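Got the viewer open? Let's take a walk through this one together, stopping at a pocket, a sheet, some cysteines and a few odd spots in the backbone.

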Amino acid sequence: MNYDIIIIGGGPGGYSCALRAVQYGLRAALIEKDLLGGTCLNRGCIPTKTLLFAAGLLSSMKQGARFGVAADNVRPDYEALRARCAEVTGQLRNGLTKLLKQQKVDVYAGEGRVTAAGEVTVACADGTETVLTAGDIVLATGSVPAVPPIPGADLAGVYTSDTLLSDLPELSRLVIIGGGVIGTEFAEVYRALGAEVTVIEAMPRILPPMSADLARHLAADFRKKGVKVIAKASVTEIVRTDGGLAVRYTLADKPQEIAADGVLIATGRRAGVAGLTPFALKEDRRRVVVDEHCRTSEPHVYAIGDITAGFPQLAHTAEAQGKIAAAAVAGKASAIRLDLIPSVVYTRPEIASVGVSEEEAKASGAPYKVGRAMMGANAKSLIAGEAGYMKLIADGEGRLIGAEFQCEEASNLVSEATLAIAAGLTAETFASIVRPHPSVEEAMGETAEGLLSFEK
Ligand code: FAD
């Protein structure tokens with residue numbers, strides 16, 4: 001079969017690319033070796049957020065008395081939680097499958113491999129091989145959990161995010177190796193479910209990709225909730241003991257040990273295209289280097305999503321890149337801004353940031369200003385029993401360049417900030433918008449006002 005575009009990998013990058021390609025009138029083939037929706041829908045964003053929602057509900061119900069609601073004997077039901085994750089992911093996957101069919105994307109179930117310029121061979125699930133050809137090929141094969149060579153990492157009871165989500169074991173002591181986004185979200189889930197949770201992080205603080213302020217606030221919240229964080233610690237081995245497992249690590253050169261009945265290894269994701277093409281694509285730290293149109297070093301071969309170098313491994317990055325690659329193949333311009341990608345951690349309260357952080361603004365040496373609001377003074381946050389803070393950063397001319405949030409609805413607020421930054425709004429214009437009361441958004445106006453000087 002001949003197509004205009006063949007996409008290998010049916011995650012958010014791949015399916016967004018295919019759907020946008022057909023909107024441009026291209027004939028598109030999408031190859032997926034496992035489940036449509038990729039990591040995000042099946043083993044990532046969606047099941048974790050389903051669990052985080054349930055965890056939040058459980059915490060709220062346990063605190064019911066504080067809000068005037070009596071709720072006794074509230075507890076997690078693991079069987080029902082597993083069923084709920086399967087229900088949500090199943091419904092979304094069915095919807096996606098129908099949409100791809102409706103939009104006339106040809107979906108091939110099997111493993112795709114580029115076998116020559118413009119040629120992809122699919123090893124189909126039924127053992128047969130199909131050869132497809134196209135003018136352009138998009139690689140969207142995503143990533144898998146990276147497991148460092150820690151002795152004992154293969155013991156029963158040691159999980160990756162994939163296996164923890166598929167098994168959802170009932171645990172009373174969970175040790176999480178890695179305090180990044182995945183590690184901290186699982187810490188939030190399991191703590192709310194009632195486990196003792198310890199996060200071991202090699203770096204000086206958790207959430208290394210986000211600002212030091214956000215990490216400090218999350219660490220303080222974790223302390224209050226009873227999640228133990230051990231930073232600057234290096235795990236040396238995991239061993240089986242009479243009581244379950246023990247994680248051995250060094251802290252300030254001293255050997256230490258902590259008992260667990262489950263260990264999650266959340267030390268990052270491995271992405272690579274080894275063996276996927278006969279070409280030597282230009283790579284940076286095993287991720288594919290692409291230009292602003294997602295073109296690789298090989299003509300007519302594009303790469304998108306978690307496999308690309310220099311971009312945050314997020315579902316919305318992959319989707320944006322998928323649309324950009326489809327536009328490039330169709331010869332159309334795309335206005336999508338890849339330089340402004342919001343990041344969210346779905347802890348409670350949520351954490352989100354976009355654009356330039358305060359540390360980056362300071363390091364740049366250019367003039368900048370910071371406006372802050374503490375959410376304890378925000379009525380809507382107080383009603384929900386949440387606190388936290390938000391911060392807006394403006395350049396020397398008062399133009400907004402960055403924002404960060406640790407508060408209720410941070411995942412929504414960050415979009416308003418992203419829009420303002422993308423539109424080049426000044427703090428003055430941003431503050432001039434009237435926002436509803438009571439709302440968490442109104443704190444955005446107050447924060448922006450903190451960047452203005454008022455004439456007396
Ligand atoms: P993937 O989603 O990994 O999809 C790649 C697909 O390609 C897979 O389905 C795979 O089976 C298929 N494939 C691979 N090789 C081949 C081949 N040779 N032939 C055919 N098919 C192949 N991001 C967010 O934005 N928000 C979140 O809340 C969030 N939460 C996350 C939570 C967890 C626990 C994890 C692990 C990730 C989370 N992410 C989140 C990250 C997000 O899931 C990824 O960034 C996103 O899925 C990347 O999309 P992708 O299309 O590049 O790759």
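What follows is a tour of a predicted model, one stop at a time.

Start with the second largest pocket, which holds about 820 Å³ of space. To find the middle of it, pick out Glu-188, Lys-225, Arg-348, Pro-349 and Glu-386, the residues that lie nearest its centre among the 34 that line it. Four elements give two or more residues to this lining: helix H3 (45–62), helix H6 (181–192), helix H7 (212–225) and strand S23 (400–407). Which of them gives the largest share? That would be H3, with seven residues. If you're thinking about the chemistry of the wall, the lining splits into 12 nonpolar, nine polar and 13 charged residues.

Stay with Pro-349 for a moment, since the backbone does something worth a look there. The peptide bond joining Arg-348 and Pro-349 is cis, with omega at about 0°. As a reminder, most peptide bonds are trans. Pro-349 sits in the loop that runs between strand S19 (343–345) and strand S20 (350–355). So far, then, Arg-348 and Pro-349 have turned up both in a cis bond and among the residues nearest the pocket centre.

There's another cis bond further along the chain, between His-437 and Pro-438, where omega is about -5°. Pro-438 is also a loop residue, placed between helix H12 (427–432) and helix H13 (442–449).

While we're on backbone geometry, what about phi? Most residues other than glycine have a negative value. Arg-285 goes the other way, with phi near 45°. You'll find Arg-285 in the loop between strand S16 (283–284) and strand S17 (287–288), and it counts as exposed at 75% relative accessibility. Glu-409 isn't a glycine either, yet its phi is positive at about 60°. Glu-409 belongs to the loop between S23 and helix H11 (410–422), and S23 is one of the elements we met in the pocket lining. Is Glu-409 buried, exposed or partly exposed? With a relative accessible area of 26%, Glu-409 is partly exposed.

Next, the sheet. Three strands make up an open sheet in the order S11-S12-S13, paired antiparallel. Strand S11 (233–241) and strand S13 (254–260) are the edges; each has a single partner strand, so one side of each has no neighbour in the sheet. On average, neighbouring strands here are turned by 25° against each other, direction ignored. Zoom in on S11 and strand S12 (residues 244–251) and you can trace eight bridges between them, in the antiparallel sense. One position to click on is Ser-234, which stands opposite Thr-250 in S12.

Last stop: the cysteines. How many disulfides does the structure hold? Zero. A disulfide is a covalent bond between the sulfur atoms of two cysteines, and the distances tell the story. For Cys-85, the closest cysteine sulfur is in Cys-45, 13 Å away, which is too far for a bond. Cys-85 is buried, with a relative accessible area of 12%. Cys-294 is in no disulfide either, its nearest cysteine sulfur being that of Cys-17 at 8.6 Å. With the cut-off for a disulfide set at 2.5 Å, that pair doesn't qualify. Cys-294 is buried as well, at 1% relative accessible area.

Definitions and conventions. Residues are numbered from 1 along each chain as its sequence is written. This is a predicted model: local features need pLDDT of at least 70, side-chain atom pairs count only at pLDDT 80 or more; totals for chains, interfaces and linings use all residues. Side-chain values use heavy atoms; hydrogens and water are left out. On a 1 Å grid over the protein atoms alone, a cavity is a set of points where a 1.4 Å probe fits but cannot get out, and a pocket is an open set with protein on both sides within 12 Å along at least five of seven lines; lining residues have an atom within 4 Å of a point. Grid points are joined across faces, edges and corners, and a volume is the space filled by probe spheres set on the points. Ala, Val, Leu, Ile, Met, Phe, Trp, Tyr, Cys and Pro count as nonpolar, Asp, Glu, Lys and Arg as charged, and the others, Gly among them, as polar. Two strands pair if DSSP finds at least two bridges between them. Axes are lines fitted to C-alpha atoms, for helices over the stretch in contact, and angles run from 0 to 180 degrees between N-to-C directions. Buried means under 20% relative accessible area, exposed over 50%, partly exposed in between (1.4 Å probe, protein chains only).
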